[in-house]
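Here is a short report on the pockets and nonpolar cores of one protein model. Start with the open space, then turn to the packing.

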Amino acid sequence: MVGFALASNIERLRSAQTDTAASVAAGPQSARLRWKETYGVPGESVVFTVDRLNVTSTGWTARVGIANRSSVAWELAPNATPDGTFGLRLFETGDKSELERRNRSGTLPAVRAATSYAPKLPRILEPKASWTGRISAPGALVAGSWVRVVFGTLIAVGKPPKGLEELFVWITDHTYRLRA
């Protein structure tokens, strides 16, 4: 394990030395997105919305929502799994195939985790309940990258309905490309 990590870091350093393209921080921008995505089947689903993304010189804010349209409660547990927290992931392309490939291979980009929730995220999202609010964090985002919003980790309180996993992290199918 240590040998692999060391070899990977050495290769990354070599690649960085020959790469002449520098990362540029995305400039301030605001996008009205109106994304709506559903996990599950009618009557037994969880619905995720992303209304707006704002990028400033000091960080980002997203207006998001989650609606429990299932018969089971969901624990909203940011950081319950290594890849599961509410925030953003930056991808090289907007292609869904990149998301699927990187998910299968375990090479998803790191989550830019939200550090602030307004209003506070509920611990448990009861059946037929919903939450809408702003998630945000400090830090620059890379211009030219494609943003996907991450909702997670969600853990079923009890046995989940057929078609829903007991534990999952939702990454949006929709993307937004950051401008310089």
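## Largest pocket

In this predicted model, the largest pocket has a volume of about 290 Å³. Its lining consists of S23, L90, F91, E92, R102, R112, V142 and S145. By class, that lining holds 3 nonpolar, 2 polar and 3 charged residues.

## Second largest pocket

The second largest pocket encloses about 240 Å³ of space. D83, R89, K96, L99, E100, N103, L108, V169, W170, I171 and D173 line this pocket. The class split is 5 nonpolar, 1 polar and 5 charged.

Two elements, α2 (96-105) and β11, each supply at least two of these lining residues. Which of the elements gives the most to the lining? That is α2, with 4 residues.

## Nonpolar cores

In soluble globular proteins, nonpolar side chains tend to be buried together. The largest nonpolar core here has 38 residues. F48, L53 and L178 touch the most other members. Strands giving two or more residues to this core include β1 (29-41), β2 (44-55), β3 (59-69) and β4 (73-76). β5 (87-91), β9 (130-138), β10 (146-157) and β11 (167-171) do so too.

Another core, of 5 residues, lies apart from the largest one. Among its members are F91, L108, V150 and I171. F91 also lines the largest pocket, while L108 and I171 also line the second largest pocket.

## Contacts of L53

What does L53 contact beyond its neighbours within four places in sequence? The partners are Q29, S30, A31, L33, T61, A62, L88, V147, Y176 and L178. One of them, L178, is also among the core residues that touch the most other members.

Technical notes:
Residues numbered from 1 in each chain as written. Predicted model: local features only at pLDDT ≥ 70, side-chain atom pairs only at ≥ 80, totals over all residues. Heavy atoms only, no water. Core = buried A, V, L, I, M, F, W, Y, C linked by side-chain atoms within 4.5 Å. Buried < 20%, exposed > 50% of the residue type's maximum accessible area, 1.4 Å probe, protein only. Contact = heavy atoms within 4.5 Å. 1 Å grid on protein atoms, 1.4 Å probe; cavity = no way out; pocket = protein on both sides within 12 Å on 5 of 7 lines; lining within 4 Å. Points joined across faces, edges and corners; volume = space filled by probe spheres on them. Nonpolar A, V, L, I, M, F, W, Y, C, P; charged D, E, K, R; others polar.
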